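What surrounds the ligand in this model, and where do unusual backbone features occur? The paragraphs below take the loops before the binding site.

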Amino acid sequence: MRFTAAAKLFVLFGDPVEHSLSPAMQNAALQEAGIDGLYIPWRVKGANLPTAFESLRGMENFGGANVTLPHKEQAVALVDTLTPEAASVGAINTVVARGGRLLGANTDGQGFLRSLHEEADFLPRGKPAVILGAGGAARAVSVTLAEAGVKEIVIVNRAIERAQLLAECVNRDIGASAIGLGLDDPRMPAMVRDCALVVNATSVGLNPSDPPPIDPTLLQPGVLVYDLIYRPRETALLREAKKRGCRVLGGLGMLLYQGALAFELWTGQKPSEEAMRQALVAAIA
Ligand code: NDP
């Protein structure tokens with residue numbers, strides 16, 4: 001990696017951040033683009049996030065920032081303006097300097113949508129979808145799918161109140177048809193059997209010994225099962241879904257595409273996605 005004392009600084013706010021693949025991916029993109037820049041992790045507790053954001057305002061060589069767990073929602077209040085997507089999702093993963101002000105963006109949803117289109121040739125319009133989870137990623141995915149015109153969204157979550165709250169927001173803000181259910185709701189099995197897309201947006205599967213987040217016998221052949229988890233590359237959910245004749249996709253494409261969009265917002269140029277993908281695959285291995 002080459003950079004000079006005039007380098008632009010790009011940062012990733014999170015806690016923890018050690019596990020993140022973004023530094024490998026974004027530094028590869030900077031290098032490939034010939035940009036004098038450096039992308040570094042900045043581990044920060046929530047209580048200190050406002051101070052960290054204030055310091056960005058005084059940094060003359062600020063290039064851009066990403067925000068990851070658990071700060072995506074808290075960071076909304078720390079920027080000056082939001083993109084429409086970030087406002088709908090209520091969370092940001094990208095910060096851009098615009099004329100002395102900080103703009104908050106959320107590229108997770110568009111990264112997910114592009115991955116669905118390009119890697120699975122799946123167009124969500126008019127199709128029923130089930131989303132497992134109701135955290136930040138589920139929120140970005142639900143809003144994006146609703147805006148893309150899915151027929152119905154069933155949000156299934158361990159804490160039922162969060163699922164219901166998310167469904168209410170999506171219905172109110174986007175005019176979609178979403179319903180929030182608990183994991184043991186008797187209506188859930190039929191809804192999973194009848195859907196075209198199942199998205200795992202829970203953290204169940206991050207540990208390689210985790211079981212699938214729902215009963216895999218509910219998954220019908222031909223359904224697209226998308227697990228947002230990218231490490232491990234194949235979760236128990238994807239393994240079981242594949243055995244049942246489902247189409248399967250892991251979260252690496254979403255990670256790549258959300259990162260590519262962030263890079264473009266910061267620099268105004270498209271990154272080398274091939275360099276980013278290679279860096280990701282190497283970092284995972
Ligand atoms: P959050 O912490 O905001 O949400 C976690 C979700 O997982 C909640 O719905 C939570 O349910 C559920 N959950 C956690 N543990 C359990 C459990 N034991 N049983 C059932 N449900 C559980 O995380 P994010 O939304 O930010 O991330 C979710 C996943 O998406 C992560 O695995 C993350 O790696 C992945 N991700 C991938 C991205 C990509 O680019 N591919 C981008 C962003 C995220 P409850 O509400 O009941 O606690």
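Helices and strands are here DSSP runs, of at least four residues for a helix and at least two for a strand, numbered from the N terminus. On that basis, aspartate 121 belongs to the loop that runs between helix H4 (108–120) and strand E7 (128–132). The model is a predicted one. In it, aspartate 121 has a positive phi, about 50 degrees, although this residue is not a glycine.

Two cis peptide bonds can be described next. One joins leucine 69 to proline 70, with omega at about -5 degrees. Proline 70 is part of the loop between strand E3 (62–67) and strand E4 (81–82). Another cis peptide bond links arginine 231 and proline 232, and its omega is about 5 degrees. Proline 232 is likewise a loop residue, found between strand E11 (224–227) and helix H8 (236–243).

The ligand can now be placed. It sits in the largest pocket. Helix H5 (136–147) and helix H9 (252–267) are the elements that give two or more residues to the shell around the ligand. Why does the ligand lie between domain 1 and domain 2? Both domain 1 (8–106 + 255–284) and domain 2 (109–250) give residues to the shell, so the ligand lies between them.

The shell itself comes to 22 residues, if a residue counts when one of its heavy atoms lies within 4 Å of the ligand. The closest of these are Ala137, Asn157, Arg158, Arg162 and Leu228. By class, the shell is made up of 12 nonpolar, 7 polar and 3 charged residues.

Polar contacts to the ligand involve both side-chain and backbone atoms. Arginine 158 places an N or O atom of its side chain 2.9 Å from an oxygen atom of the ligand. From leucine 228, a backbone N or O atom is 2.9 Å from a ligand nitrogen atom. A polar backbone atom of leucine 255 lies 3.3 Å from an oxygen atom of the ligand. As for cover, the ligand on its own has 930 Å² of accessible area, and the protein covers 78% of that area.

Key
Residues numbered from 1 in each chain as written. Predicted model: local features only at pLDDT ≥ 70, side-chain atom pairs only at ≥ 80, totals over all residues. Heavy atoms only, no water. Polar contact = N/O pair within 3.5 Å; in protein donor to acceptor, adjacent residues only side chain to side chain. Areas by Shrake-Rupley, 256 points an atom, 1.4 Å probe, with all protein chains shown as cover. 1 Å grid on protein atoms, 1.4 Å probe; cavity = no way out; pocket = protein on both sides within 12 Å on 5 of 7 lines; lining within 4 Å. Sits in = over half its atoms within 2 Å of the grid points. Nonpolar A, V, L, I, M, F, W, Y, C, P; charged D, E, K, R; others polar. Domains from an automatic or database assignment.
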